[in-house]
Structure formats: structure tokens, C-alpha cells
Amino acid sequence: MINNLFPNLYIRNVFDIDFNKVYELGYRGLIFDIDSTLVPHGLDSTKEIDELFEKIHNIGFRTIFLSNNSASRIESFNKNIKTAFIDEANKPNKNGYIKAVERLEVEKTEVLLIGDQIFTDILGANLTKIDNILVKYLLHENEIKIGKKRRVEKAILCVFFITKRIFKRNAKIEKLEVHYND
């Protein structure tokens, strides 16, 4: 049961993902969380994120935002990216993930979720059997306070790193070599 809380891969941020290699591994659809995954909570998209999505789309990926946020929040973030989205998804409920796969029009085995929360993004992806990457959550500049849930996630990640060989699920994404961009 605890392995449902473990990501297939844990990395620092979305810019450390080699999306060309992800495509070579056979993924065709990407499900993204927004807040604390792509930008700190509540912020609009940045030039770097807009450029990243342009690159992702040029590679050939289909993308969708899956968020527990309202449609107006997602629309504000999405104004330059213009990708599909599902609002008020009630993550980790599987229904939003299934709907996202259907809207991407690819097989579930070709979908990769990228998010920042174990108890919503990763749990929902694992329950739906979607490969996933957990990114370190983004904070606002000078923000240092984290909630209780983030402290529990930190403990779960410690267990993940200790036991990841035991719980290996052989997801395609686990073959990705991560080289951190500084």
C-alpha cells in the first residue's frame, strides 16, 4: 500500500527532464499539475514555462493540465500555453486521471504525470497505473514555511529512497537518466 505513495522518479524541477528522451521512451501524452510544480502557488506562467511547453509540443507531445484549482485559475495560467485542462479534478480521485488520458487520445501506457504532491498527484497516478515524476515543490521567493503535509511527504521520500529497489515497478520512466541543469 505504501508503494502507491512512491513516485517512479523524483527530480528537482521540470527543467531537469529531458523531454526528447521521454519521447524516445514511448510517452506521447503528459499530464501536468500547475501550482508548485510549474510555478509557485497562484502565479501566472513564466516566459521559461511558456518556452518549455512550446518545446514539448514541438517534440510531439499532447499535454493537459490536471488541477484541483478552478477553471479561472487555470485559464489565467494557461493564456500563453493554450493546452487542454481539467479543473476541480478532485485529485487523487481516479476519475480525473482517466478523463485526462481520454482527452489526450493516447494509451495509458503512453502517459506520464508530472506533479509536486505525493498525496494528490502521485497517489492518483499510481492508483490509475500511470507512470509519474515527482518534482520538488516550488515556493514563493523568501518563503520557507511548509505545512504538515509536506513534512509527512518528506518522511515518505526518505522511505522511498531507502526502499526503492524493493518496490521497483519497472516503469519506462525509471530508465531516464537525469542530468541536473544548473
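**Group meeting: a loop contact, a parallel sheet and helix α5**

Asn-80 counts as partly exposed, because its relative accessibility is 48%. Keep in mind that this is a predicted model. Asn-80 sits in the loop that links α3, residues 71-77, to β4, residues 84-86.

What does the side chain of Asn-80 contact? The side chain of Asp-50, through a polar contact at 3.0 Å. In sequence, Asn-80 and Asp-50 are 30 residues apart. In space, their C-alpha atoms are 6.5 Å apart.

Now the sheet. Six strands make it up, and it is open. Read across, the order is β1-β6-β5-β2-β3-β4. The pairing is parallel. Which strands are at the edges? They are β1, residues 9-11, and β4, and each of them pairs on one side only. On average, neighbouring strands in this sheet are turned by 25° against each other, direction ignored.

Take the β1 edge. Its partner is β6, residues 131-135. Three bridges join β1 and β6, and the two run parallel. One to find on screen: Tyr-10 has Leu-134 in β6 as its bridge partner.

Next, the helices that cross the strands. Helix α4 covers residues 94-104. It lies across β2 (29-32), β3 (62-66), β4 and β5 (111-115). Against β3, α4 runs at about 155°. Helix α5 lies across β5 and β6. Against β6, α5 runs at about 165°.

Let me stay with α5, residues 118-127. Is this helix mostly covered or mostly open? Mostly covered: eight of its ten residues are buried. The buried set is Ile-118, Thr-120, Asp-121, Ile-122, Leu-123, Gly-124, Ala-125 and Asn-126.

Thr-120 is the residue to look at in α5. Why does Thr-120 count as buried? Because its relative accessibility is 12%, and the cut-off for buried is under 20%. Which residues does Thr-120 touch, leaving out those up to four places away in sequence? Asn-68, Lys-91, Pro-92 and Tyr-97. Tyr-97 falls within α4, residues 94-104.

Just past the end of α5 comes Lys-129. Its phi is positive, at about 60°.

To recap. Asn-80 is partly exposed and has a polar contact to Asp-50, side chain to side chain. The sheet is open, with parallel pairing. Thr-120 is buried, in a helix that is mostly covered.

How values were computed:
Residues are numbered from 1 along each chain as its sequence is written. This is a predicted model: local features need pLDDT of at least 70, side-chain atom pairs count only at pLDDT 80 or more; totals for chains, interfaces and linings use all residues. Side-chain values use heavy atoms; hydrogens and water are left out. Helices (H or I, at least four residues) and strands (E, at least two) are DSSP runs, numbered from the N terminus. Buried means under 20% relative accessible area, exposed over 50%, partly exposed in between (1.4 Å probe, protein chains only). Contact means heavy atoms within 4.5 Å. A polar contact is a pair of N or O atoms within 3.5 Å; within protein, one must be able to donate a hydrogen and the other to accept it, and residues adjacent in sequence count only if both atoms are side-chain atoms. Two strands pair if DSSP finds at least two bridges between them. Axes are lines fitted to C-alpha atoms, for helices over the stretch in contact, and angles run from 0 to 180 degrees between N-to-C directions.
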